[in-house]
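This report concerns the pockets of one protein and a strand beside which part of a lining is found. Please consult the sequence and the structure while reading.

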Amino acid sequence: MSKWWRAVATTAGGLRSMEVTSRRSYFTIQAIPREVSGRRVSSRDRAQGRIPAVVFSQNYVQSKPEDPTSIVASSSVSRKFLLTTERKQIKTIIDSVDLPFFCSTTFPLQIRAGSGSSTLLESGKVLPIKIHKDEETGKILNLVFVWAEDGTKLRVDVPVVFKGEHECPGLKKGGYLNKIRPSLKFLCPAENIPQKIEVDISQLDVEDKVSLHDIDVHPTWKLLSKNEAIPVCKVKATPVDS
């Protein structure tokens, strides 16, 4: 069951609430190892309906307590595996969670000795951090995962979802919503990664805005921004043609 965290703030437009959903685990990604890499090998894998991928461990820490953006990897890359995954399964997962939330959702990963093998080589939770797509066809070319084991901290780009547009006073008056920050970067414990952040704009009037400092989330989530006065969104008046 997903957990919900609610933050409440007050602006000139009235009461505003923001809800944040915690991570959810969906399908178990099945993968097999690949011993070599390179364009020819990757092209062959793609022709066989598989997507080249890599998974490794990376734990982030804040190097300067006074600077929330000073995030560095605490150690060198370890527990690295070159893999391939089934294109059909990855497409099914992305269709189920929606692409914007794919890289803020953890998944179980099982690495088996070969296609159809019952021999399990390695398993654990992973977080997708990069999707490389073909610019012309949109097909996924490569995937990058990091191990998301409990106790580690990961840098996550969390999508922002705006709700309450139909009730928003400012929009009813003819204004429009300027979505300034479509996502927010957090340093999160791997066991508590938010899949998305929902911002309720149902009480915002024209010229009202939601800023980073308005978002009060779980204490284990570290917002990676030096300036928390930066707006996430703002209801602006529609220009009148002269």
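How do the residues of the lining of the largest pocket divide into nonpolar, polar and charged? In this predicted model, the lining holds 8 nonpolar residues, 1 polar residue and 3 charged residues. Among the residues that line this pocket are Gln58, Tyr60, Cys103, Arg155, Asp157 and Lys185. Two strands, β9 (120–133) and β11 (153–163), each contribute at least two residues to the lining. The largest share, 4 residues, is supplied by β11.

The second largest pocket is lined by residues including Ile51, Arg87, Lys91, Asp95, Lys133 and Ile140. Helix α2 (residues 87–97) gives the most to this lining, with 5 residues. The table sets out the two pockets.

| Pocket | Volume | Nonpolar residues | Polar residues | Charged residues |
|---|---|---|---|---|
| Largest pocket | about 180 Å³ | 8 residues | 1 residue | 3 residues |
| Second largest pocket | about 160 Å³ | 5 residues | 1 residue | 5 residues |

Strand β11 also takes part in strand pairing. It is joined to β13 by 7 bridges, and the two strands run antiparallel. Asp157 has Lys185 in β13 as its bridge partner, and both Asp157 and Lys185 belong to the lining of the largest pocket.

Strand β13 (residues 183–189) is mostly covered, with 5 of its 7 residues buried. A further antiparallel pairing, of 2 bridges, links β13 to strand β16 (residues 222–223). In this pairing, Leu187 stands opposite Lys222 of β16.

How values were computed:
Residues are numbered from 1 along each chain as its sequence is written. This is a predicted model: local features need pLDDT of at least 70, side-chain atom pairs count only at pLDDT 80 or more; totals for chains, interfaces and linings use all residues. Side-chain values use heavy atoms; hydrogens and water are left out. On a 1 Å grid over the protein atoms alone, a cavity is a set of points where a 1.4 Å probe fits but cannot get out, and a pocket is an open set with protein on both sides within 12 Å along at least five of seven lines; lining residues have an atom within 4 Å of a point. Grid points are joined across faces, edges and corners, and a volume is the space filled by probe spheres set on the points. Ala, Val, Leu, Ile, Met, Phe, Trp, Tyr, Cys and Pro count as nonpolar, Asp, Glu, Lys and Arg as charged, and the others, Gly among them, as polar. Buried means under 20% relative accessible area, exposed over 50%, partly exposed in between (1.4 Å probe, protein chains only). Two strands pair if DSSP finds at least two bridges between them.
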